[in-house]
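Me: Got a chain here I'd like to go through. Can you take my questions one by one?

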Amino acid sequence: MAINSILIIEDESNLRSEVVDMLMFEGFTVYEAENGHEGVKLAIEFLPDLILCDIMMPEMGGLEVLQRIRGLPETMLTPFIFTTALAERSHLRKGMENGADDYITKPFTIKELLKAIEAREAKEVLMQEKISLALETLKHSLDNRLKGLSDQLLNSDSELAQLHQKTELLEEKLVFQDLEATSEAVRSIESSNTISNLKKMVEKELKRSNLSTSEEKLLIQLR
């Protein structure tokens, strides 16, 4: 990531003006704040590519500014460089432990400042490359997993189709068996009706008085 805009947070007006002039001369877009409160506000408003912040300031010091910056989603990854005097080493160490990216010792020349900015820019490029590589690896892994799931889904669809076909054949068989059973029942009913009709005919014939003895015996046998 190219660094084009820089926020300077410095309570010493002469030093702040000098740094702003040097950076503007080098072609950077520069925002300036005279205290930590204003600095956090400008960081949120303009989202600079880099923040250059003094450690020892009244009201809100550099460590608190760093905590506020790192606690906001829109600025949590913004490169942050402390400017510090030699007597502030203990504060500097604490600042680095809390997420500062680099530091530059006062007083510094424009050459030293530009070198610190270039170093931070190089680290950002390297970080972006690592992130891109990690994302590409993750994408490749996800693609493989999706392909595996797709293959499993195709196999499942094939098995489901086979199961559906078997179910249809079984249903047809059951229907056929039901038809056979129904036909048998109908035949049984028809046979029963025939016998019943014959019995009724015999009953009627027995009631006739003009039958011979041999005919009457025959009709009784039919009953």
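Me: How much area does the protein chain expose, and what do carbon and sulfur atoms supply?
Reply: The protein chain exposes about 15,600 Å². Carbon and sulfur atoms supply 56% of that area. Keep in mind that this is a predicted model.

Me: What share of the residues counts as buried?
Reply: 28% of the 223 residues.

Me: OK, secondary structure. How many helices and strands?
Reply: Six helices and five strands.

Me: Which pattern do they follow along the sequence?
Reply: The chain reads β-α-β-α-β-α-β-α-β-α-α.

Me: And contacts? Of those between residues at least 6 apart, what share joins residues at least 24 apart?
Reply: That share is 58%.

Me: Now the inside. How many residues are in the largest nonpolar core?
Reply: It has 19 residues. I6, I8, V19, L23, F28, L52 and L113 have the most contacts inside it.

Me: Which elements each supply at least two residues of this core?
Reply: Two strands, β1 (5-9) and β3 (50-54), and two helices, α1 (13-25) and α5 (110-206).

Me: Which one gives the most?
Reply: α1, with five residues.

Me: Zoom in on F28. What is F28 in contact with, leaving aside neighbours within four places?
Reply: I3, N4, I6, L23, L114 and I117.

Me: What about another core, apart from the largest one? How many residues there?
Reply: That other core has 18 residues. L7, M57, F82 and A100 are among them.

Me: Switching to rings. How many aromatic pairs?
Reply: The count is two.

Me: Take Y31 and F46. Stacked or edge-to-face, and why?
Reply: Stacked. Their ring planes sit at 15 degrees, and the cut-off for stacked is under 30 degrees. The ring centres are 4.3 Å apart.

Me: Which elements do Y31 and F46 lie in?
Reply: Y31 lies in strand β2 (residues 29-33), and F46 lies in helix α2 (residues 36-46). So the pair ties together parts that are 15 residues apart in sequence.

Me: How does F46 count for exposure?
Reply: F46 counts as partly exposed, because its relative accessibility is 35%.

Me: And the F80 and F82 pair, stacked or edge-to-face?
Reply: Edge-to-face, because the planes are at 75 degrees. The ring centres of F80 and F82 lie 5.1 Å apart.

Me: Are F80 and F82 buried or exposed?
Reply: F80 counts as buried, at 0% relative accessibility. F82 counts as buried too, also at 0%.

Technical notes:
Residues are numbered from 1 along each chain as its sequence is written. This is a predicted model: local features need pLDDT of at least 70, side-chain atom pairs count only at pLDDT 80 or more; totals for chains, interfaces and linings use all residues. Side-chain values use heavy atoms; hydrogens and water are left out. Rings of Phe, Tyr and Trp (its six-membered ring) pair if their centres lie within 6.5 Å; planes under 30 degrees apart count as stacked, over 60 as edge-to-face and the rest as tilted. Helices (H or I, at least four residues) and strands (E, at least two) are DSSP runs, numbered from the N terminus. Buried means under 20% relative accessible area, exposed over 50%, partly exposed in between (1.4 Å probe, protein chains only). Contact means heavy atoms within 4.5 Å. Accessible areas come from the Shrake-Rupley method with a 1.4 Å probe; for residues, only the protein chains shown count as cover. A nonpolar core is a set of buried Ala, Val, Leu, Ile, Met, Phe, Trp, Tyr and Cys residues joined through side-chain atoms within 4.5 Å.
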